[in-house]
Each structure stands twice: as structure tokens, then as C-alpha cells.
Amino acid sequence: MANLKLSHIYKVYDNGHKAVNDFSIDIADREFIVFVGPSGCGKSTTLRMIAGLETITAGDLFIGDTLVNDMEPKDRDIAMVFQSYALYPHMTVYENMAFGLRNRKMPEAEIKERVLKAAKMLDIEDYLERKPKEMSGGQRQRVALGRALVRDPKVFLLDEPLSNLDAKLRAAMRTEITALHKSLNTTFIYVTHDQVEAMTMGTRIVVMKNGYVQQIDTPMNLYNLPYNKFVAGFIGTPQMNFFDVRLKREGDIVGILFANGDVAKVPYENVSKIHSRYLTGEVPAIFGIRPEHINIERDGGGLKFVITNVERLGNETIIHGKLGDSLGEFTMKDEGNNIVVKVVDRDDLAIGDIVYAVPNPNKVHFFDAETEVTLMNKIPTYNTVPATVNGDRMTLLGNAVALPPVFAAALGEADHFELSIPPQAIVPGSDFALKVARIENVDGQNLAYLSNGDSYLFALVDETVTEGQTYGFSLLNEQLNLTADGEQVLAAVSEEESFLGTFSKEERHENGGRVYHFFYNIGNYSLEAEQEKGFKINAIDGDNCYKNTYRYSVNRNDIQLTDGTAPCITAPVLELLDYGNVCFAKVDAAGQSVLVNVPAGFADPEVRIALKSEDVSVYSTRIDMKIC
Ligand code: ADP
């Protein structure tokens, strides 16, 4: 039994190929985690790093509470099952299963007990005296599982174990492995490129592409709430349909405008999480709808299309078609405009029929045309609200409040502007009050839909807030973006501050031995690093580490203002930034501009700042990577 933690794991192969980027996940004891994605996306590399068969370039891997980055595979208490079975051909099934235990000098009686127990679980008791070549692929894979099982490991790693089996056997083995996981109460990590395996077996799935995690979620969340177009297209067969569209809101209805002039309609309520900037009819977006979420009508009311193929599978029928072109005509050759619909109990549809596709309005997906990220995030990333300036006050959300001096400076002459407000920047307070129309629980957080005219302001609230009440709140001004005349005039302030610097080592003779001390150097300021981090940087970059530039990043709240008696950076104040709720001094820290927290009315010409090494995260500037 074990939980695992992968924290900012990277793999850069010796040839410079970055196979895994910033992979982080907390895996609970007894989870069945599946890594899925197309070939070459970094699944096996990640699994092999967990197994200890591949070194970890950067990041921390914990099994239980133990950091195992440098632990030998045999000491990690994991067992791995490979696609190729990796059985010894000259040994019997029994010997294959007993081999690892014999190597560990386990008493023969116990070995026998374990092998027989595993053989029984896997239904291979009758084959124990056979050699692998006398068995079928499915049986061999069971032996490979058995060999892992007898070791009673904390974690099972399985790398495409079923890909050599035929479809029927694969389906049967899926069920068996799921049952095995249930009966063993052990953590499983399973790699596959097959989304059906992922969906049917995983308690949670990690979808990967090009070395990057795309989404980590339950099977149903991946299906219902895909984070981007890639995940949406990867999960589900036949694949989700995608169309280039624009969206236009008219009152309670949002029209989905297709390139050919067709329009489908959904109630605004179903898509209220889409930011209003996408609802003007001007901004390109991608519309996604699964084949099983389209109805086919004979008499209008949807997207007109011609049926180009009908695949009858018995239990369901897959209809392929093409939407009409801008003249309402159908060209069977046209590459684009394909549509796939899955129907049941429809015998009436035939090639050449002209019919109408009606998307289920509760099952629509929309993605940004460029980033391909969903426009219906579980928690919307920001709200936009209009505001006006009246002297030293600003009016928004039905109230006038003090205009922060930083806003006034950024706005200049402009007296109308837009504020973009992330839900996290809305906190309990007394500046504004809106009615709570709805509360939705999203991954353990409470998302409130606050009624703001004919749309919603999305906020995160605690469990005391209820539907129907009036919610009083204030804004964290430093987290807002300001736009005037279509130009961003002020960007939200990040919580992180970065210092560029170098890294050095000193060898000292202490207590009769040589001890290495490592330092982060920012200008003339030297901060001693924890030794473990120093060794890590050295292990990753070799002796180049003493020549490289690093980015030392800290949360602003961890920057210490000191009296200058201890080593520090003396930083002249360039500007005071008064946001009303908080105040920052913009300072010149060894040639770099950073913000530090200061009390309101602060007027000193310089600050002395120091960092604590435990608060510092170190990033490589050579390749974009968090080292520690
Ligand atoms: P997957 O398991 O998702 O198919 P892998 O983890 O095997 O992908 O590989 C990820 C990427 O790393 C691929 O582009 C692959 O070519 C590359 N790769 C794998 N092993 C090595 C290696 N030893 N040296 C260099 N590149 C490698």
C-alpha cells in the first residue's frame, strides 16, 4: 500500500529531447491511475522514472513519504509488468514466478505458497509446469502479472500490458486486471495509448501530449468536461465533431454561427460560463459535439447535411455526412464540414438522404480557436465588468468605491474602462453586493453565480454562502486587469517575484573534513542554499551550474524587509504602487525590478531585502524547467 507524489518531474534525454515536462500529481493509496496519450507523448518515460529504470532530470518523486529519486529500482517496492511479458523462455511458469523471490532468498515454502496463491488468482494453476512458448499470449501475460503479484509490491506499474493481445482477450483481461486491483488494494499505474482501456480501468486518468500533461481527471470528467480540444478529441469514439464557428448572444439564446451560414441555437443558461467577449458574433471559436449527442431530424430545425455513409453496427449506427456549403449545396468531395452522428434504433437513414443535425444543447463544448482551451472552464478564469471614473471614485457592479491611485495613474484621461476580475479576486467585504443565483460545487470549491444584470459574476465562496442570499464582497485590486479603449493599461500583479543570479560552491574544512557550501548569488547578495538543493542543481547541470544563470523565484510574502544588519540586497525604491487594499514598492534589486510589500504611506528611499533559502524555487534559464 502506498501513495505517490510526483512533483515537477522533468525528463531531458541525453540528446536534449525533453520527453516529460513539469509532471505533478498526488496519487492516493489504492488508486488506479492511467497514463494515456498518443505514442511518444512521454507515458513510458514517466512510468520508467517511477520504476527507477530512468533517471529523473528534475523534480521529486515520493513513494509514501520517502524521496526515491536516487533509490535503486529493487529497493522501491514496486513491480512492473511489460508489454513484452519479459518471461524467461527456458524456465517453467512456476520458476518464472518464483525467480524474483528466490533472488531475495525467500524460504522455498513461502515462495510456493505465494506462487500458488497468485496462480489461483490468475487462473493459471494448471500451467505451472509449462514453458512460456507452450502458452497463449493471454496466458503469458497472466504469468507476467503473476510474477509481479508474488512480490506483494506497494505499487504496480503496467506498461501497455495488453497491447499484444487480440481485441476479445484484451476486453477480458481489462476486466481481470480491474478485479485484481480491487482485490489487492494496491496502487496501480497503468500506461496505454488506448482510450477505451483508460476509460474503463482508471479511477483517474492522466492525458498526455508531447511530454505535457493535458488533464488529470476522472473518466467521466474527461468525457463531460474536457479541458481542451485535444482531450475532447482523444476521449470517445467516434471522435467528437469539431466546427469553426462564431457565437452570438441574443437575449436568452446563443446562436452558433457556422461558416456556411447555418445556425444552431442553445439557451444562454447552458453556456453562461463562456466569457461575454466570445458572444459578440465576431470572435472565432471551435464548437465540439459528440456523435452521440446529435439527433437527426427529417424536417429542419438544425444543421442540414447529406448522408455520405451509414455504418450499421447492430446496437448502434454511425452516420457520416457533410454539411452544406455556403450556397446550401452539397459537395461530397469537400474535405471539411464532415459530421459524424451515432444513432440507435434508426433504420430509416440511407446514403444520399438530406437531413438535419440537432445538437443536444446540454452537451455542447466550445474551445478558443487559437489556444484550443475550453471556453467553459469548470471555474471561469476571469469576469469582465465595465467601470467608469468619477473624480476619485470608480463606479462598477452597482456601487461607487475609491479609485486606487495605481488605477488612476494607469487610466490617465480615460473615464471608461473594463476590469477583468478572476473569481479568486472576489473576497467577502462590503464594497459591493449581488444576489447569489446559483452555487455549484466544482472539485470541492464553491462557485457562486452572482447575478449581474443579464449575466453572472463568478466568485469562489465558502460553504456559509447560500443560493438566494445577497453576497457582500470586495475586490483584490492587485489581481485585476484594466483595459481602456481596447488596450490593456494595467496587468494583474503576480504573487511570485523572480531574481536572476548565479550559483556558486565553496569548499570548507570543518570538523576535520571537507564540507561543500552552495550559494545563490543575486548581485552582491549571497544566500546559502540547503545542501541538498545545491547537490541537485549540480547533479542536473554538472559543472556548468557555476556558469549558468538561474531564476530564483519566491512568493512576494516571503521577501523579508530587514534592518540591514544581516546580509541583504539594498534596493532603491523606484515607485510606490498604492492599490488601496495593498501597497507595493517597486524597487531596483541588483538591476532587476521587483515588487515588495510595504505599509500604506511608505516613504523610505530604499529597502533592504533578504530571502530565506527554503522559500526559494530555482528555475533553469537554459531550458525552461523548475529544478528545485
Ligand atoms: P510513450 O510511452 O508515450 O510512447 P516515451 O515515453 O516512450 O513515449 O517517449 C517519449 C519521447 O521520448 C519520444 O519522443 C521518444 O522518442 C523519446 N525517447 C524515449 N526514449 C529515449 C531515449 N532513450 N533517448 C532519447 N529519446 C528518447
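## The R438–E269 salt bridge

In this predicted model, the side chains of R438 and E269 form a salt bridge, with an N to O distance of 3.3 Å. R438 belongs to strand β25 (residues 426–442), whereas E269 sits in the loop between β13 (263–267) and β14 (280–289), so the contact ties together parts of the chain that are 169 residues apart in sequence. Both partners fall into the intermediate class of accessibility: R438 is partly exposed, with a relative accessible area of 30%, and E269 is partly exposed as well, at 38%.

## A buried pair and a pair between E606 and R608

A salt bridge also links D217 to K378, whose closest N and O atoms are 3.0 Å apart. Because D217 lies in strand β10 (residues 212–217) and K378 in the loop between β20 (365–368) and β21 (383–390), this pair ties together parts that are 161 residues apart in sequence. D217 is buried, with a relative accessible area of 9%; K378 has a relative accessible area of 19% and also counts as buried, since the class takes in values under 20%.

E606 and R608 provide a further example, their side chains meeting in a salt bridge at 3.2 Å from N to O. Here E606 is partly exposed, with a relative accessible area of 32%, and R608 is likewise partly exposed, at 31%. Elsewhere, salt bridges that share partners join E269, K273, R438 and E440 into one network, and the count for the model comes to 27 salt bridges.

## Strand β25 and its neighbours

Strand β25, which carries R438, pairs with strand β28 (residues 470–475) in an antiparallel arrangement that is joined by seven bridges. Within this pairing, I426 stands opposite L475 of β28.

Strand β25 also pairs with strand β26 (residues 445–452), again in the antiparallel sense, over six bridges. V442 has Q445 in β26 as its bridge partner. The strands β25 and β26 form a hairpin with two residues between them, and D443, in the turn, has a positive phi of about 45°.

## Reading the parts together

Strand β25 thus appears in two contexts: R438 in this strand takes part in the salt bridge to the loop between β13 and β14, while the strand itself is paired with β28 and with β26. The bridge between R438 and E269 involves two residues that also belong to the network with K273 and E440.

Conventions
Residues numbered from 1 in each chain as written. Predicted model: local features only at pLDDT ≥ 70, side-chain atom pairs only at ≥ 80, totals over all residues. Heavy atoms only, no water. Salt bridge = Lys/Arg side-chain N within 4 Å of Asp/Glu carboxyl O. Helix = DSSP H or I, 4+ residues; strand = E, 2+ residues; numbered from the N terminus. Buried < 20%, exposed > 50% of the residue type's maximum accessible area, 1.4 Å probe, protein only. Pairing = 2+ DSSP bridges.
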